[in-house]
Amino acid sequence: MTFFKVLHRALPTNSRFADFTRCRLGCGHVEHFTDWCGDGCRHIRSYWKHVTRIMTAFNCGAYRPSRVLIFFTLKWVETIDGWKLTPINRHMRGIVWLAWKFLWQQLAAIDRGTIGRFDETLALTGVFRMHHTAVLGALYDYITVQQAKRAGARKRCARNQEEAEKFRVWPFVAIGTDKDDLPTLTYTRTYYDLLQQYGITPSPDINHPDS
Ligand SMILES: [Zn+2]
């Protein structure tokens with residue numbers, strides 16, 4: 001399922017039911033999908049602030065969500081002609097997708113007609129646990145191939161850069177070479193700190209950023 005399908009899917013919000021139309025988190029707003037974006041529901045606002053701060057930390061441009069859904073996949077980038085809105089990259093789309101998934105998981109568990117609570121830390125822990133699993137999955141084939149080659153082959157650096165892009169992990173794990181020209185995997189500082197913050201065990205196959 002693509003990110004856009006998720007966004008455009010009609011979520012069963014309370015405004016679809018005649019008997020109860022207020023937000024299930026008790027902010028008093030009429031419950032609506034767009035109210036759960038950006039600066040809408042006050043119980044979710046800080047979650048999105050957290051998510052956007054994390055995305056900005058990955059150096060993928062300043063990410064500014066908005067209640068207008070289209071802005072949700074755009075970021076501000078400085079060009080010679082001034083600031084322009086451009087689509088966020090696939091790494092960031094993945095994080096937004098997971099952020100929605102774990103937000104919705106909690107909202108869906110609140111019974112109709114009752115007021116529930118949203119646990120931001122629980123959602124973010126889910127987001128980064130699943131994200132890390134996906135990163136390790138993307139690296140798994142790479143690690144296997146490199147270990148097999150380790151016997152003799154000397155890989156050129158340019159090739160490793162290609163692999164890094166191919167495996168789509170650059171904001172999270174850096175692919176480089178050691179002094180013997182053998183490939184190395186190293187967590188980026190930002191990603192490593194995030195894993196620590198949410199109690200996710202780093203992989204022993206990937207170097208610590210300070211090593
Ligand atoms: Zn609300």
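Trainee: How many bridges join strand E4 to strand E5?
Mentor: Residues are numbered from 1 along each chain, as its sequence is written. The model is predicted: local features need pLDDT of at least 70 and side-chain atom pairs count only at pLDDT 80 or more, while totals for chains, interfaces and linings use all residues. Strands (E, at least two residues) and helices (H or I, at least four) are DSSP runs numbered from the N terminus, and two strands pair if DSSP finds at least two bridges between them. E4 (residues 173-177) and E5 (residues 183-187) run antiparallel, and the number of bridges joining them is five.

Trainee: Which residue in E5 stands opposite Ile 175?
Mentor: Take the pairing residue by residue. Thr 177 of the chain faces Pro 183 in E5. For Ile 175, the residue opposite is Leu 185.

Trainee: Which residue in the hairpin of E4 and E5 takes a positive phi?
Mentor: Look between the two strands. Five residues sit there. The phi in question is near 70°, and the residue is Asp 181.

Trainee: In what order do the elements of the protein chain run?
Mentor: Start with the tally: six helices and five strands. Now read from the N terminus on. The order is α-α-β-β-β-α-α-α-β-β-α.

Trainee: Which element has the highest mean pLDDT?
Mentor: pLDDT is the predictor's confidence in each residue, from 0 to 100. The chain has a mean of 78, with 70% of its residues at 70 or more. Helix H1 (residues 3-8) has the lowest mean among the elements, at 52. The highest belongs to H6.

Trainee: Over which residues does pLDDT stay under 50?
Mentor: Two residues are in contact if their C-beta atoms, placed from the backbone, lie within 7 Å. The model still gives this stretch nine contacts beyond four places in sequence. The stretch is residues 67-71.

Trainee: What share of the contacts in the protein chain with a separation of 6 or more comes from residues 24 or more positions apart?
Mentor: Count the contacts with a separation of 6 or more. Then take the part made by residues 24 or more positions apart. The share is 45%.

Trainee: What span does helix H3 reach from its first C-alpha to its last?
Mentor: H3 covers residues 90-108, which is 19 residues. The expected span is 1.5 Å times one less than the number of residues. That gives 27 Å, and the model comes close to it, at 26 Å.

Trainee: Which element gives the most to the largest nonpolar core?
Mentor: A residue is buried if 20 or more other C-beta atoms lie within 10 Å of its own, exposed if 12 or fewer, and partly exposed in between, with C-beta atoms placed from the backbone. A nonpolar core is a set of buried Ala, Val, Leu, Ile, Met, Phe, Trp, Tyr and Cys residues joined through C-beta atoms within 7 Å. The largest has 35 residues, and H2, H3, H4, E4 and H6 each supply at least two of them. With nine residues, the leading contributor is H3.

Trainee: Which three residues does Val 127 touch, leaving out those up to four places away in sequence?
Mentor: Val 127 is one of the core residues with the most contacts inside it, and so is Ala 99. In H3, the buried residues include Leu 98, Ala 99 and Phe 102. Val 127 touches Leu 98, Ala 99 and Phe 102.

Trainee: Is Asn 59 buried or exposed?
Mentor: Asn 59 is found in the loop between H2 and strand E1 (62-63). Its C-alpha is 9.5 Å from that of Thr 190, 131 residues along the chain. Because it has 10 other C-beta atoms within 10 Å, Asn 59 is exposed.

Trainee: What distance separates the C-alpha atoms of Gly 116 and Leu 25?
Mentor: Gly 116 is found in the loop between H3 and H4. It is partly exposed, with 15 other C-beta atoms within 10 Å. Beyond four places in sequence, it touches Arg 24, Leu 25 and Ile 110. Gly 116 and Leu 25 are 91 residues apart along the chain, yet their C-alpha atoms are separated by 5.2 Å.

Trainee: How far apart in space are Ser 203 and His 132, C-alpha to C-alpha?
Mentor: Ser 203 is found in the segment after helix H6 (189-197). It is partly exposed, with 17 other C-beta atoms within 10 Å. In sequence, Ser 203 and His 132 are 71 residues apart; in space, the distance is 9.2 Å.
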